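Colleague: I should like to go through this structure with you, beginning with a helix and ending with the backbone. Please give your reasoning in each case.

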Amino acid sequence: MNRCTRSILVAVAVALLAVPAFADTLKVGVQAPITGSYANEGQGIENGVQLLAEQINAKGGVMGKKIEVIVCDDQGTAMAAAICAKDLVNKGVSMVIGSYTSTCAEAAQKTYFNAGVLQTSDGTADSLTEKGYWTFLRNSFPNSAEAAFVANYLVKVKKYKRIVVISDFSTYADGLANAAEAAIKELGGNLVSRDKIKADSQNFTPVLTNIKSKHPDAIFFAGYYSDGGQLRAQQMALGIKADFYGGDANDNPDFVKLAGSAAKGAFIVNVPSPDVLPYDIAKTFIADYQKKYGEMPPSIWGLMNIDGMRAIIHAMEQNNSFDTRKAVDYLHNMEKPLPGITGPIAFAKDGNRKGGAYVVKRVQDDGTYATEYVQ
Amino acid sequence: MDIFLQQLANGLTIGSMFALVALGYTMVYGVMRLINFAHGDMVAASAFVGLTIYTQVMGQATSLVAVIAIFLLAAVVMAIIGVILERLAYRPLREAPRLSAVVSALGASLIIQNGIMLIWGPRMRIFPELVPQVYWDLGGVVISLIQVIILALSFFLMVGLYLFVEKTRMGAAIRASSIDQDAARLMGINVNSVIMLIFIIGSSLGAVGGLFIGLYYRGITFNMGWQYGLYAFIAAIIGGIGNIPGAMLGGMLLGLFNAFIAGYVSSTWADAFTFILLIVILIVRPTGILGERVAEKV
């Protein structure tokens with residue numbers, strides 16, 4: 001997966017309810033980085049889960065059972081995540097929401113699988129769904145979904161004739177760029193160059209000079225903002241008049257600062273931020289969230305985790321059973337997607353969330369974003 | 001042809017930054033026979049000092065006067081730090097075996113690098129856009145204002161330094177000290193002052209190089225000194241370490257070499273080719289392009 005700040009994993013814990021006869025509450029685990037570098041995101045996940053639990057309990061709970069939230073702080077480290085997983089399983093949760101990073105979700109995956117506890121996370125690393133754990137439900141979209149969106153936007157929507165794809169050598173960036181390259185070719189787009197830069201090397205003009213000779217009209221950069229900002233600035237300095245599209249890892253205020261006045265007119269592709277979600281259910285939930293906590297959710301990732309939790313509870317209610325296996329079977333075979341805060345929710349058989357929700361944002365003259373296109 | 005000329009312009013720009021930094025290495029080596037490994041980190045520190053001067057002293061003013069003031073103040077601050085560095089890390093080891101001084105230099109490098117991290121933080125900091133983004137398209141080759149400034153100022157500083165070393169009495173003292181410190185002392189030259197002077201000059205030029213990096217690339221990190229220091233060190237060796245025109249030539253050659261390899265071969269391989277070039281030069285001409293062949297004293 002990508003750099004830590006990008007990875008948000010929310011694992012939904014599944015309560016297996018091996019002893020349902022004695023359980024008088026539905027135990028929901030939260031595994032999230034409550035402290036550490038991603039504390040902001042981790043607390044957003046916990047707050048969201050607490051709010052949703054309160055709302056459900058106020059309406060009488062799930063099939064008569066109140067939801068009890070059990071929080072474990074994985075600090076964003078794999079070691080603490082593994083301990084959390086054991087702890088939450090021992091406490092008898094039937095589902096775990098979180099964690100924020102792919103690393104933490106991955107470290108806990110096997111424990112939940114062995115215990116039959118459902119886990120829903122927003123981690124975007126492809127490896128999370130490649131292990132065949134039926135207990136895992138990804139509530140975000142994998143990197144390949146972003147690649148497909150970008151390819152469709154560049155080739156079909158904007159109809160660019162000469163496209164360049166650039167990445168660095170990291171697993172995340174290279175993977176995203178390769179997927180975009182394949183998707184662009186599949187749609188019949190004309191990819192004139194596929195280049196790689198060395199992250200943090202600062203001087204990208206040699207590569208850009210070569211690109212200039214190919215007269216591109218669009219550049220998609222799949223790497224990180226620290227290189228993206230400089231790439232954009234040097235692109236403009238060389239007079240390459242192509243539209244610049246940065247992948248999700250470029251969505252950072254430093255991108256605009258680094259590119260300086262060259263930033264304006266650049267495009268960033270990312271999942272939408274909470275304030276632009278068009279769905280009624282999103283507006284209501286975010287309003288409630290603001291009322292309770294006095295702030296906006298830190299990002300959309302926490303809300304995706306809430307959607308994962310809503311989907312599992314929805315499945316249990318539909319089945320009229322707390323059985324986790326049945327809930328997953330229901331989710332894998334849902335005919336109609338469940339309306340969610342972050343868009344319609346439906347899962348593929350491998351646990352990936354279907355579809356995608358991306359936006360294209362344009363950097364305006366004052367450095368702020370204007371939404372250009374919503375999927 | 002357009003591509004060739006464009007790569008040439010890019011190569012000269014980064015080459016002149018390498019050259020400015022390489023001068024600091026080569027001057028210290030010339031007189032003290034010491035590789036000042038802390039020099040790269042001094043360059044990085046100057047970019048951060050420049051950033052702080054901009055935000056704290058200049059009140060974020062972006063006029064031409066403010067830019068000149070930032071350059072001058074940063075150069076003064078770095079010159080003072082350079083002199084302190086020499087006093088604390090190198091002077092006590094003047095008579096010690098050469099290896100001790102090198103270890104001390106590595107230690108100083110770590111102290112400066114970590115000092116930057118503690119003061120300014122481990123995250124990338126963004127340098128203000130002090131030079132407007134102005135470009136000229138000269139028949140397919142695009143030159144930016146900042147490139148012109150970097151090239152012109154570097155050229156001016158290097159010519160100035162060359163004239164200073166070759167034509168003035170202090171310059172003669174520097175050259176004498178680099179040939180033989182004891183003999184220079186017998187001629188009445190205060191070698192300590194000469195060493196202090198080369199640290200002042202080297203650190204100030206490094207400060208200009210560091211500010212160029214900040215102005216040109218905008219993003220500065222606490223550990224970037226290592227990368228630029230290494231390049232400049234290679235440039236100094238290519239040109240002939242200890243030789244002042246050699247450092248200028250080495251820096252320019254390295255910048256051009258890097259740009260052409262990255263442009264025509266692969267940016268991934270640019271570093272590998274740079275080191276291959278270094279090895280070839282060390283084998284074919286161990287004293288560098290302009291270095292003199294001197295018999296080792298026995």
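Modeller: One definition is needed beforehand: the expected span of a helix is 1.5 Å times one less than its number of residues. Please note also that the model is predicted.

Colleague: What distance does helix α2 of chain A reach from its first C-alpha to its last?

Modeller: Helix α2(A) covers residues 78-90 and has 13 residues. At 1.5 Å a residue, 18 Å is expected. The distance in the model is close to that value, at 19 Å.

Colleague: Over what arc around the axis do the buried residues of α2(A) lie?

Modeller: The buried residues of this helix are A80(A), A81(A), C84(A), A85(A), L88(A) and V89(A). They are on the same side of α2(A), because the arc they cover is only 165°.

Colleague: Which exposed residues does the face turned away from the buried side of α2(A) carry?

Modeller: A residue counts as exposed if 12 or fewer other C-beta atoms lie within 10 Å of its own. On the face of α2(A) turned away from the buried side, the exposed residues are M79(A) and N90(A).

Colleague: Are α2(B) and α4(B) roughly parallel or roughly antiparallel to each other?

Modeller: The axes of α2(B), residues 39-57, and α4(B), residues 98-120, come within 9 Å and cross at roughly 20°. Angles under 35 degrees count as roughly parallel. The two helices, α2(B) and α4(B), are therefore roughly parallel.

Colleague: Which element gives the largest share of the side of chain A that touches chain B?

Modeller: In this interface, 25 residues of chain A are in contact with 21 residues of chain B. On the chain A side, the elements giving two or more residues are α6 (205-212), α7 (225-237) and α8 (253-259). The largest share is six residues, and it comes from α7(A).

Colleague: Which peptide bond is cis, with omega near 20°?

Modeller: Most peptide bonds are trans. The bond in question leads to S99(A), a residue in the loop between β4 (94-97) and α3 (102-115) of chain A. With omega near 20°, the cis bond is that from G98(A) to S99(A).

Colleague: Does K159(A) count as buried or exposed?

Modeller: K159(A) is in the loop between α4 (143-157) and β7 (163-167) of chain A. Phi of K159(A) is positive, near 55°, in a residue other than glycine. Since K159(A) has 10 C-beta neighbours inside 10 Å, it counts as exposed.

Methods:
Residues are numbered from 1 along each chain as its sequence is written. Chains are lettered from A and ligands numbered from 1 in the order in which they are written. This is a predicted model: local features need pLDDT of at least 70, side-chain atom pairs count only at pLDDT 80 or more; totals for chains, interfaces and linings use all residues. Helices (H or I, at least four residues) and strands (E, at least two) are DSSP runs, numbered from the N terminus. A residue is buried if 20 or more other C-beta atoms lie within 10 Å of its own, exposed if 12 or fewer, and partly exposed in between; C-beta atoms are placed from the backbone. The arc is that of the directions from the helix axis to the C-beta atoms. Axes are lines fitted to C-alpha atoms, for helices over the stretch in contact, and angles run from 0 to 180 degrees between N-to-C directions. Angles under 35 degrees count as roughly parallel, over 145 as roughly antiparallel, 65 to 115 as roughly perpendicular and the rest as oblique. Two residues are in contact if their C-beta atoms, placed from the backbone, lie within 7 Å.
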